[in-house]
Amino acid sequence: MLFPDPAEQAAKQEKAGGQQGDGGLIQGSMRDLGLGQGQTIDRMNRFVDSLRGRARGLRCGMLLLALLLPTTAPATPAPDWHLPGLNGPDLGLADLRGQIVLLDFWASWCVPCRSSMPALQSLAREFSAFPLRIVSISVDENRIEAQKFLQRYGQGITALHDADGQVAEAYGLLGMPSSFLIDPQGRLTMRHEGFRKGDESVWRHEILRLLGAAERRAVSL
């Protein structure tokens with residue numbers, strides 16, 4: 001066997017406490033392959049290949065973690081939209097220029113949405129004196145089902161209807177609910193998939209950051 005059994009090595013590392021740093025990882029791999037001074041280029045290449053395999057596993061783990069965490073990235077233009085209202089007039093993104101927009105996609109069949117709606121209501125009250133607009137977009141095909149859900153869970157939140165799902169597709173939804181923050185210049189600054197109790201603190205942190213940036217921008221003009 002050219003390389004040590006991964007399961008056997010994992011058990012050894014766990015028994016030792018699993019506290020090796022990068023240097024310990026490299027040194028351990030060298031010992032595993034019996035490398036030292038004077039070893040052949042061929043064996044050194046196999047050693048490098050073993051490290052690459054471990055790196056690929058690490059990248060897979062980081063990708064999974066990225067899907068579970070909110071994403072803050074360099075601001076990019078938010079896809080435009082104009083939709084009919086579910087509990088008020090039609091509304092478009094252009095109508096909200098100059099405000100921070102928290103955009104939340106939901107559906108009447110979405111169980112976590114029953115918890116995210118009250119959290120949005122709480123944020124709306126908390127930031128009522130600030131230029132923040134919370135807009136929820138239903139992807140339900142049936143308008144009546146969406147309105148029933150709003151009456152029970154989302155009263156007081158501006159709600160629009162994306163019956164054909166074109167806006168949801170433009171935003172690349174991966175799950176439900178999905179939320180996005182848009183800065184006063186119409187740029188996406190954050191996306192967040194799903195909802196669990198306490199996730200509102202993620203929104204709050206980014207909203208406060210955007211409010212601070214907007215204030216600094218106003219002062220500099």
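A disulfide is counted where two cysteine sulfur atoms lie within 2.5 Å. The exercises below concern a predicted model.

**Exercise 1. Determine how many disulfides the model contains, and characterise the linkage and its surroundings.**

Solution.
Step 1. Applying the sulfur–sulfur cut-off gives a count of one disulfide.
Step 2. The partners are Cys 110 and Cys 113, with an S to S distance of 2.3 Å.
Step 3. The angle about the S-S bond is 85°, and the link of Cys 110 and Cys 113 is right-handed.
Step 4. Burial requires a relative accessible area under 20%. Cys 110 has 3% and is therefore buried. Cys 113, at 0%, also counts as buried.

**Exercise 2. Classify the ring pairs that Phe 105 forms with Tyr 171 and with Phe 180, and locate each partner in the chain.**

Solution.
Step 1. The structure holds seven aromatic pairs. In one of them, Phe 105 and Tyr 171 have ring centres 5.6 Å apart and planes at 50°, which makes the pair tilted.
Step 2. Phe 105 belongs to strand 4 (residues 100-106), whereas Tyr 171 sits in the loop between helix 6 (166-170) and strand 7 (178-182). The two residues are 66 residues apart, and the pair links distant parts of the chain.
Step 3. For Phe 105 and Phe 180 the centres are 5.9 Å apart. The planes stand at 85°; because an angle over 60 degrees counts as edge-to-face, this pair is edge-to-face.
Step 4. Phe 180 lies in strand 7 and Phe 105 in strand 4, so this pair ties together parts that are 75 residues apart in sequence.
Step 5. Phe 105 and Tyr 171 are both buried, and Phe 180 is buried as well.
Step 6. Phe 105, Tyr 171 and Phe 180 form one aromatic cluster.

**Exercise 3. Which side chains meet in the salt bridge of Arg 204, and which helices does the pair link?**

Solution.
Step 1. The structure holds four salt bridges. In one of these, the side chain of Arg 204 meets that of Glu 126 at 2.9 Å, N to O.
Step 2. Arg 204 is part of helix 7 (residues 200-220) and Glu 126 of helix 4 (residues 113-126). The pair links distant parts of the chain, its members being 78 residues apart.
Step 3. A residue is partly exposed between the limits of 20% and 50%. Arg 204, with a relative accessible area of 25%, is therefore partly exposed. Glu 126, at 37%, likewise counts as partly exposed.

**Exercise 4. Describe the salt bridges of Asp 183 with Arg 187 and of Glu 193 with Arg 191, giving accessibilities where available.**

Solution.
Step 1. Asp 183 and Arg 187 meet through their side chains at 2.8 Å, N to O.
Step 2. Asp 183 counts as buried, with 4% relative accessibility, whereas Arg 187 is partly exposed at 35%.
Step 3. The side chains of Glu 193 and Arg 191 meet at 2.4 Å, N to O. Arg 191 has 23% relative accessibility and counts as partly exposed.

**Exercise 5. What average pLDDT does the protein have, and where does pLDDT fall below 50?**

Solution.
Step 1. The protein averages a pLDDT of 76, and 64% of the residues score at least 70.
Step 2. Residues 1-7 have a pLDDT below 50; this stretch has eight contacts in the model beyond near neighbours in sequence.
Step 3. Over residues 16-40 pLDDT also stays under 50, and the model has 24 contacts for them beyond four places in sequence.
Step 4. Where pLDDT is low, predicted coordinates should not be read in detail.

Key
Residues are numbered from 1 along each chain as its sequence is written. This is a predicted model: local features need pLDDT of at least 70, side-chain atom pairs count only at pLDDT 80 or more; totals for chains, interfaces and linings use all residues. Side-chain values use heavy atoms; hydrogens and water are left out. Rings of Phe, Tyr and Trp (its six-membered ring) pair if their centres lie within 6.5 Å; planes under 30 degrees apart count as stacked, over 60 as edge-to-face and the rest as tilted. Helices (H or I, at least four residues) and strands (E, at least two) are DSSP runs, numbered from the N terminus. Buried means under 20% relative accessible area, exposed over 50%, partly exposed in between (1.4 Å probe, protein chains only). pLDDT is the predictor's confidence in each residue, from 0 to 100. Contact means heavy atoms within 4.5 Å.
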